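The following note is offered as a colleague's reading of the model. Its points are numbered for ease of reply.

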Amino acid sequence: MMEARAGEIAAGRAAELVWLLEHPPLYTAGTSANPADVIDARFPIHESGRGGQLTYHGPGQRVAYVVLDLKRRGPDVRRFVASLEEWIIRTLAALNVRAERREDRIGVWVRRPEKGEGYEDKIAAIGIRVKQWVTLHGIALNVKPDLSHFSGIVPCGVSERRYAVTSLADLGISVSLAEVDTILRREFTPLFGFTPDQTVGSTSNRLPSTVSERSVSVPSR
C-alpha cells in the first residue's frame, strides 16, 4: 500500500500521506542489516527496503510512515531526515522529555544518568527510503511497547552496554497513543507544512519488501 501510494504521488495522481500505525510484533531489516544481529528470531523478520539495520515494531509503539514529495518540498534528503528527528524531539518535549540527536548513532536518544555516566537510551528510530523523490517509511516512537521484545536483536546494530532502548512508559510518562498522535499532528505542520491526508491504522505481519533500482535507502544520522 505504501509503495503504491508513493508511485501515485510521484505521478501526481495522489496526495501526500502521513500514516500512523501500530504493528503486531515483528522485526524489520534495513538495507544495512547484519544477520549476526539476530539473537532470537521470536517474531517474523521482514526485509523492509528502508535504510538502517534491524529494529523491532510492536504494540505500544507509534510508527509513522511519512510519504512526502520532496520534488515539491525541496530535494534535500538530509534536511528531511533532520526534520524527522526534530519532529520527534519536539513531540517528546511537549511531554517533558528531553531528547537529543547524536551524530554517531542512529535515532533519537535520552540521557540516563541514573544508570551511570555516559548512559543513554534510544526512544525513537528513523529509517527512510526515497524513490523518485518521494519518501517512504519514517519513524518509530516507543510509547509503551514491551521492551523485552528488543532483546531478540541488536537494535540498529548498537551493542554497547551503555546504550539501551527506552519508552515513555519506561521513563514514567503515562500517555496513550491517541494523545501522542495529537502532539505529532500539532508539531508536524510547523516543520513540514500542511499534509492533507493523515491516517491512523494497524497492520498485519505483511510489509513491502521490494526495493526499486531507482530508489535510495537512507538511515538516520
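1. Glu 120 of strand 8 has Tyr 163 as its bridge partner in strand 10. The two strands pair in the parallel sense over three bridges, strand 10 comprising residues 163-165. It should be kept in mind throughout that the model is a predicted one.

2. Glu 120 also faces strand 7, where Arg 111 stands opposite this residue. Strand 7 (residues 105-111) runs antiparallel to strand 8, and four bridges join the pair.

3. Strand 8 pairs as well with strand 9 (residues 134-142); here the direction is antiparallel and the bridges number eight. Within this pairing, Ile 126 has Ile 139 in strand 9 as its bridge partner. The two strands form a hairpin with two residues between them, and in the turn Gln 132 adopts a positive phi of about 55°.

4. How many residues of strand 8 are buried? The count is 12 of 12 for this strand, which spans residues 120-131. For the protein chain as a whole, buried residues account for 52% of the 221 residues.

5. Glu 3 is located in helix 1 (residues 2-10). Is this residue buried or partly exposed? Its relative accessible area is 21%, and because buried requires a value under 20%, Glu 3 is classed as partly exposed. The C-alpha atom of Glu 3 lies 7.6 Å from that of Leu 136, although 133 residues separate the two along the chain.

6. The packing of helix 3 against helix 4 merits a separate point. Two packed helices are described by the angle and the distance between their axes. For helix 3 (residues 77-93) and helix 4 (residues 177-192), the axes come within 9 Å and cross at roughly 140°. The crossing of helix 3 over helix 4 is right-handed.

7. On the helix 3 side, the residues in this contact are Phe 80, Ser 83, Leu 84, Glu 86, Trp 87, Arg 90 and Thr 91. Helix 4 contributes Ile 183, Leu 184, Glu 187, Phe 188, Pro 190, Leu 191 and Phe 192. By class, the contact residues comprise nine nonpolar, two polar and three charged.

8. Finally, some totals for the chain. Its secondary structure consists of four helices and 12 strands. Of the contacts between residues at least 6 apart in sequence, 70% join residues at least 24 apart. The chain exposes about 10,000 Å², of which carbon and sulfur atoms supply 50%.

Note on methods: Residues are numbered from 1 along each chain as its sequence is written. This is a predicted model: local features need pLDDT of at least 70, side-chain atom pairs count only at pLDDT 80 or more; totals for chains, interfaces and linings use all residues. Side-chain values use heavy atoms; hydrogens and water are left out. Axes are lines fitted to C-alpha atoms, for helices over the stretch in contact, and angles run from 0 to 180 degrees between N-to-C directions. A crossing is left-handed if the near helix is turned anticlockwise from the far one by less than a right angle, and right-handed if clockwise. Contact means heavy atoms within 4.5 Å. Ala, Val, Leu, Ile, Met, Phe, Trp, Tyr, Cys and Pro count as nonpolar, Asp, Glu, Lys and Arg as charged, and the others, Gly among them, as polar. Buried means under 20% relative accessible area, exposed over 50%, partly exposed in between (1.4 Å probe, protein chains only). Accessible areas come from the Shrake-Rupley method with a 1.4 Å probe; for residues, only the protein chains shown count as cover. Two strands pair if DSSP finds at least two bridges between them.
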